Every structure is written in structure tokens, then in C-alpha cells.
Amino acid sequence: MFRIGHSTDIHRLEPGYKLIIGGVRIPHSVGSVGHSDGDCLLHTVCESLIGALSLGDLGKLFPDTSEEFKGINSSLLVKQVMKVVKEKGYKVVNIDSTIFLEEPKLIHYKEQMRENIADLLEIDKEFVSVKATTSERVGFIGRKEAIMTESVVLVERIK
């Protein structure tokens with residue numbers, strides 16, 4: 001049996017925060033605001049898995065009111081979700097993600113993001129897609145106020 005999960009996340013961009021995307025620290029004048037490390041991409045990776053298994057959303061498993069998750073590395077959240085995926089008898093088949101960000105350009109960082117996500121999901125990098133686009137200076141992305149990511153994942157029950 002196959003199941004599909006999808007997630008969208010948006011984080012404000014502000015000075016004084018780190019810009020971490022897909023587990024990669026990217027030097028920039030602004031960073032992603034979040035209760036954890038603000039890794040918008042890994043948040044949609046987590047939540048797409050959570051959605052595929054009908055377990056609610058990221059906030060249900062990792063509330064932003066909890067001190068336990070304040071500043072936490074989002075890779076640890078993905079690892080915790082993957083434990084649940086395996087406990088439920090599933091494995092990840094593939095994942096497709098898109099990053100919406102006006103700047104900086106991410107061409108030099110996407111391969112490392114793919115490697116990080118592949119390691120976290122315990123799949124080969126060939127089954128991980130990470131794309132990046134701008135919004136052509138339109139809206140809150142175009143005004144450089146926020147980053148948005150989307151992920152779609154396919155999981156399969158292990159026989």
C-alpha cells in the first residue's frame with residue numbers, strides 16, 4: 001500500500017536569525033524565524049511524512065509552546081518522525097520539495113540538501129528532489145519577507 005503526504009510551511013525572514021535550509025547553513029543577512037532552528041524545508045519534510053500517515057501536523061507532535069523543542073535542530077525532528085514511520089510499518093519511496101525564496105540563490109546548496117534529506121529518510125539521493133524558485137519579486141516572498149517550502153512524499157508499507 002502506498003500513501004502520499006504533502007506539506008507547506010512559511011517562515012518570516014529577519015536579521016539576527018540563521019538561515020538553515022535542508023540542514024545546510026547558508027550565509028545571509030537574514031534568517032528564518034522559528035521555534036526550532038527555523039529550517040522551513042525540514043519542517044515540510046517532517047509534516048509531509050506525518051500527513052502521509054494521518055498523524056496530524058508538525059505542531060501536534062512538536063508544539064511550538066514546548067521548551068523541549070526550542071532551538072532544536074530540525075534534523076532531530078525528522079529522525080523522530082522516521083522512527084514513527086518505521087514503527088507504523090512504512091518506508092519512504094521518494095520525496096519532492098520546492099523552496100520559494102527570492103534570495104540568496106541556492107544553486108550551490110541544493111545537492112547538500114538532497115544528501116542530508118536522503119540520509120535522514122534512509123533512501124538514496126536519487127529519490128530526493130529539491131528545487132528552488134523565486135516569486136519574481138511578487139508578494140511576501142518577492143519582498144524578501146519570508147521563505148516558503150512545499151514537500152510531497154510517497155511512502156510504502158513494508159511487506
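**Notebook: Ser 75, two helices and a sheet**

I started with Ser 75, which counts as buried because its relative accessibility is 16%, and the cut-off for buried is under 20%. Note to self: this is a predicted model, and I am reading computed values off it.

**Entry 1, around Ser 75.** I looked up where Ser 75 sits, and it belongs to helix α3, residues 74-87. Then I asked which residues Ser 75 is in contact with, leaving aside neighbours within four places in sequence. I got Leu 42 and Leu 120. Both names come back in the next entry: Leu 42 is on α1 and Leu 120 is on α4, and they are among the residues making the contact between those two helices.

**Entry 2, α1 against α4.** Next I wanted the geometry of this pair. Two packed helices are described by the angle between their axes and the distance between the axes. For α1 (residues 40-52) and α4 (residues 110-121), I noted axes that come within 12 Å and a crossing at roughly 35°. I put the crossing down as right-handed. Who makes the contact? From α1 I listed Leu 41, Leu 42, Val 45 and Leu 49, and from α4 Met 113, Ile 117, Leu 120 and Leu 121. Sorting them by class, I got eight nonpolar residues, with no polar and no charged ones.

**Entry 3, the sheet.** I moved on to the strands and asked in what order the five of them line up in the sheet. I wrote down β4-β1-β7-β5-β6, an open sheet with mixed pairing. At the edges I have β4 (31-32) and β6 (128-133), each pairing on one side only.

I then went through the pairings:

- β1 and β7 are antiparallel, over eleven bridges; as an example I picked His 6, which stands opposite Val 152 of β7.
- β5 and β7 also run antiparallel, joined by ten bridges; here I noted Asn 94, with Leu 154 as its bridge partner in β7.
- β5 (residues 90-100) and β6 are parallel, over six bridges; I marked Ile 95, whose bridge partner in β6 is Val 128.

**Entry 4, helix on sheet.** Last, I went back to α1 and asked which strands α1 lies across. My list reads β1 (2-14), β5, β6 and β7 (146-157). Against β1, I noted that α1 runs at about 150°. So that I can find it again: α1 goes in my notes twice, once for its right-handed crossing with α4 and once for lying across those strands.

Terms used: Residues are numbered from 1 along each chain as its sequence is written. This is a predicted model: local features need pLDDT of at least 70, side-chain atom pairs count only at pLDDT 80 or more; totals for chains, interfaces and linings use all residues. Side-chain values use heavy atoms; hydrogens and water are left out. Axes are lines fitted to C-alpha atoms, for helices over the stretch in contact, and angles run from 0 to 180 degrees between N-to-C directions. A crossing is left-handed if the near helix is turned anticlockwise from the far one by less than a right angle, and right-handed if clockwise. Contact means heavy atoms within 4.5 Å. Ala, Val, Leu, Ile, Met, Phe, Trp, Tyr, Cys and Pro count as nonpolar, Asp, Glu, Lys and Arg as charged, and the others, Gly among them, as polar. Buried means under 20% relative accessible area, exposed over 50%, partly exposed in between (1.4 Å probe, protein chains only). Two strands pair if DSSP finds at least two bridges between them.
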